[in-house]
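Please look through the sequence and the structure shown here. The paragraphs that follow lead through some parts of the chain.

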Amino acid sequence: MPHLILKGGTLPKLPKEVEGVKFLFKAGPLIGVEVEGERFLLKLLPREGGEAILKYEKRTRPLLKLLKRGYLAFLKLSGAEVVRENVFGIKEKPLSPYLMKITDNFSNVKIVEIGFGSGRNLLQLARENPDKIVLGVEIYNPALEQVLRRLKVERIENVRVINYDARLLLSRIPSNQLEQIHLHFPIPWEEKPHRRVVNQQFLEEVLRSLEVGGIFYLRTDSPLYRDYTIGELLQFPAVQFNLRKNFRYRITSKYEARWQRLGRDIYDIIVKNWEESPPVVGWYHFKFEEPLCNWQFEPILFDRYLIHIERVYPIEGGGELVQGSIGPFNRVERIFILNRPFKQNRAYYFRPPAPVEENYLAHQQLKRLFKCQ
């Protein structure tokens, strides 16, 4: 983690601004910073021998160029001396134009592949549909970085990729928009079925986001996953799907080729959507109308998400900074809430949570649970 080891210096009363860097508040070891409209937290921790370490709070990680500006401005503001650092020699990789964030607009996406792995099928989908945006969803960074390199080398312009959980991402897709959704060889999770990509909520989102006539393709070598998925589909009051066995695609993944050499059967479940779905909100506003009180520090579990208030730091000058976690169990998100800051009788997120449904539901519960009486 890029950090500074410092000696000496004193941080003046905040807020202050130094060369376009805003130091908003100090709450315990945490310092709120804003650079070019992006907010993040620095953490100043004492060490032995009168030294201190300055680093960023990892859940609010900024771009490296903004972090460097924040560090330099902190040195100028505090007058601290740098003993050691591993920041300023780092070269930042340029952001890829193909890489998306969960806060981006997905209204131009037409085809989605979930868990694209080596990217063979993802790139083939892009070649076969040159006039359509193909979105690849992957949670493993090595696979994502490999595909980003291939997109640049092969000059394929109609692919976008995102590092996110597909079970949450689909809630960001407008209803009746997608032509195709592909899910090839998901992990069966025999011992942990709750971790499977496919479940009732996921399939509901699949059918909602598909256009009328749109198709969901599931490919698996697992008889268990085949039967489980069919069982989930049969719980719908009306659904159309078919099953095929050992159908050969033009593109074969390394994983699939290995199973074919071993004589394993490959199954395709093909689901077609014939129902038009109502529109969804698609964007959630995470606002508080009043301050919060009555903190509980034990995790509170709901069917699809949790709320956990972890720590409360007093803000120098008034108010408090509340550290916690909210959201779905498979993508819990760290949050920081400014509660009654700067003599304002309200609460604010230091940075709003990702705009997915489970986070919004948790936000609504959080307002109810910690409402001041």
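Is Arg226 buried or exposed? This is a predicted model, and in it Arg226 has a relative accessible area of 16%. Arg226 is buried because buried means under 20% relative accessible area. Arg226 also takes part in a salt bridge with Asp227, where the closest N and O atoms are 2.8 Å apart. Asp227 has a relative accessibility of 45% and counts as partly exposed.

Tyr228 belongs to helix 6, which covers residues 223-233. Leaving aside residues up to four places away in sequence, Tyr228 touches Arg196, Val198 and Asn199. Asn199 and Tyr228 are 29 residues apart in sequence, and their C-alpha atoms are 9.1 Å apart in space.

Side chains of opposite charge can pair when their charged atoms come close. In this model the count of salt bridges comes to 20. One of them joins Arg208 and Glu205, with 3.1 Å from N to O. Both Arg208 and Glu205 are buried. They sit 3 residues apart in helix 5 (residues 200-209), so about one helical turn separates them.

Another salt bridge brings together the side chains of Arg304 and Glu358, at 3.2 Å from N to O. This pair links distant parts of the chain, 54 residues apart: Arg304 is in the loop between strand 15 (300-301) and strand 16 (306-314), while Glu358 is in helix 8 (residues 357-369). Arg304 has a relative accessible area of 28% and is partly exposed, whereas Glu358, with 4%, is buried. Elsewhere, Glu57, Glu310 and Arg334 are joined into one network by salt bridges that share partners.

Strands 15 and 16 also belong to an open sheet of 5 strands, in the order 15-16-17-18-19 and with antiparallel pairing. Strand 15 and strand 19 (347-349) are at the edges; each has a single partner strand, so one side of each has no neighbour in the sheet. Strand 15 runs antiparallel to strand 16, and 2 bridges join them. Leu301 stands opposite Leu306, a residue of strand 16.

Next comes a pocket. The second largest pocket has a volume of about 1300 Å³. Its lining consists of 47 residues, and the closest to the centre are Ile139, Tyr140, Pro186, Ile187 and Val197. Among the elements that give two or more residues to this lining are strand 8 (109-114), helix 2 (120-128), helix 3 (141-154) and helix 5. By class, the lining has 21 nonpolar, 13 polar and 13 charged residues.

Some details of the backbone remain. The peptide bond from Leu14 to Pro15 is cis, and its omega is near 15°. Pro15 lies in the loop between strand 1 (4-7) and strand 2 (16-18). Asn294 has a phi near 60°, a positive value in a residue other than glycine. Asn294 is placed in the loop between strand 14 (267-272) and strand 15, and at 49% relative accessibility Asn294 counts as partly exposed. Arg340, likewise a residue other than glycine, has a positive phi near 50°. The loop between strand 18 (333-339) and strand 19 holds Arg340, which is partly exposed at 36% relative accessibility.

Methods
Residues numbered from 1 in each chain as written. Predicted model: local features only at pLDDT ≥ 70, side-chain atom pairs only at ≥ 80, totals over all residues. Heavy atoms only, no water. Helix = DSSP H or I, 4+ residues; strand = E, 2+ residues; numbered from the N terminus. Contact = heavy atoms within 4.5 Å. Salt bridge = Lys/Arg side-chain N within 4 Å of Asp/Glu carboxyl O. Buried < 20%, exposed > 50% of the residue type's maximum accessible area, 1.4 Å probe, protein only. 1 Å grid on protein atoms, 1.4 Å probe; cavity = no way out; pocket = protein on both sides within 12 Å on 5 of 7 lines; lining within 4 Å. Points joined across faces, edges and corners; volume = space filled by probe spheres on them. Nonpolar A, V, L, I, M, F, W, Y, C, P; charged D, E, K, R; others polar. Pairing = 2+ DSSP bridges.
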